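Good morning, everyone, and thank you for making the time. I would like to walk you through a structure that is new to this group, taking one region after another.

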Amino acid sequence: MSKYLFIGICSFIIAFVAGPKTIPVFSRLKFGQTIRDDGPETHLQKNGTPTMGGFIFISSILIASLAGVFFNPGIINEVGFGILSMLLFGLVGFIDDYIKVIKKRSLGLNAKQKILMQLVFSFVIGLISTQISDLGTSVYLPFLGTALNLGYVYIPFVMFVTIALVNSVNLTDGLDGLASTVTIIVAAAFGLIAYKMNYPGMALFLVAVVGSLIGFLRVNAFPAKIFMGDTGSMALGGAIAAAAVIMNLELVVPVLCFVYFMESLSVIIQVLYFKKTGRRFFRMAPIHHHFEKLGWHETKVVKLFIGITLIMGAISTWGIWRS
């Protein structure tokens, strides 16, 4: 247990120290966020806030995780899988951010470009997972303590879950500290589950994720001095997807990651309802903006979503530990 604590503290310190030092560098490089004109009015004042802060916690996760591998080479496959997934989807986010920063617009990659890259990377993740996970092409059935073999359907299933997770985390990153705090809880829950299911490498990787995000909150909590950007949110989606996939816990994702999918579902509902009726179902989507439009301060929305994730995290962890 001491090694996990050590890795968590290391990743926290790196991100905590690096955060304030990164902000002036990104400001000089003019890596500023362009805020959507159709977003909440209170967000317009955030225009120009440095973005791509995901590099802060990605770096700390990398350093801390690799330090763990140095002391225990036997966990290289699990840690490497987590790092690979995080970096691949972080790359998609970085390209998206780079286009936004250079062209000074709120939209980067178009939908086709983004989904194509995600399809390729999720296929790679699915293929590798069948070789290193204990259950191969099976999915663990939560609360039942058994597994179901999906055979050839498994990789397409993994691709769907991975892409859904990555984009859902990306949508969740719309308020100061929201994606960071929700992911801290999700990663902590998955970390406990990984420890229970004897995935020491993935448990260590997730501890590094938790520690780095806690450190990142120094500059990302309200009022945020830097945003994680798509670089960070998609990297986090990739990290969480790696945890679910390597432990064959894709069916736990809808419960544990309820807030992520609530954000995505709100967008889907909004689009379909508008196409059918010409009216909006929510005042604004994703759903965190709906609450803002109702007059809630963004810190109140963040606290609500933290509470929901804590409940869902407890249910998910309990369901795995008892089965």
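**A walk through the model**

Let me begin with the strands, and please keep in mind throughout that this is a predicted model. Strand β1, residues 138-141, and strand β2, residues 146-149, run antiparallel and are joined by four bridges. Within this pair, Y140 of the one strand has A147 in β2 standing opposite. The two strands form a hairpin with four residues between them, and in that turn F143 has a positive phi of about 75 degrees. That value deserves a remark, because most residues other than glycine have a negative phi.

There are two further residues of this kind to point out. M52, which is not a glycine, has a positive phi near 65 degrees, and its place is in the loop between α1 (2-28) and α2. N198 is likewise not a glycine and has a positive phi of about 65 degrees, in this case in the loop between α6 (178-196) and α7. Is each of them buried or exposed? M52 has a relative accessible area of 0%, so it counts as buried, whereas N198, with a relative accessible area of 58%, is exposed.

Now to the helices, where I have picked two pairs. The axes of helix α2, residues 54-71, and helix α3, residues 76-103, come within 10 Å and cross at roughly 165 degrees. An angle over 145 degrees counts as roughly antiparallel, and α2 and α3 are therefore described in that way. Their crossing is left-handed. On the α2 side the contact is made by F55, I58, I61, L62, S65, L66 and V69, and on the α3 side by I76, V79, I83, M86, L87 and F94. Sorted by character, the residues of this contact are twelve nonpolar and one polar, with no charged residue.

The second pair is helix α7, residues 200-220, with helix α8, residues 229-246, whose axes come within 11 Å and cross at roughly 155 degrees. By the reasoning used a moment ago, α7 and α8 are therefore also roughly antiparallel to each other, and the crossing of this pair is left-handed. From α7 the contact takes in M202, F205, L206, V209 and L213, and from α8 it takes in L236, A239, A242, A243 and I246. These residues divide into ten nonpolar, no polar and no charged.

The loop between α7 and α8 holds P223, and the peptide bond that joins F222 to P223 is cis, with omega about -10 degrees. A second cis bond leads from A285 to P286, with omega near 0 degrees, and P286 has its place in the loop between α10 (258-277) and α11 (287-293). As background for both, most peptide bonds are trans.

I would like to finish with a single residue, S316, which lies in helix α12, residues 298-322. Which residues does S316 touch, if we leave out those up to four places away in sequence? They are I193, V252, V255 and L256. S316 counts as buried because its relative accessibility is 2%, and the cut-off for that word is under 20%. Finally, S316 and F190 are 126 residues apart in sequence, while in space their C-alpha atoms are 8.8 Å apart.

Notes
Residues numbered from 1 in each chain as written. Predicted model: local features only at pLDDT ≥ 70, side-chain atom pairs only at ≥ 80, totals over all residues. Heavy atoms only, no water. Axes fitted to C-alpha atoms, helices over the stretch in contact; angles between N-to-C directions. Parallel < 35°, antiparallel > 145°, perpendicular 65-115°, else oblique. Left-handed = near helix turned anticlockwise from the far one by under 90°. Contact = heavy atoms within 4.5 Å. Nonpolar A, V, L, I, M, F, W, Y, C, P; charged D, E, K, R; others polar. Pairing = 2+ DSSP bridges. Buried < 20%, exposed > 50% of the residue type's maximum accessible area, 1.4 Å probe, protein only.
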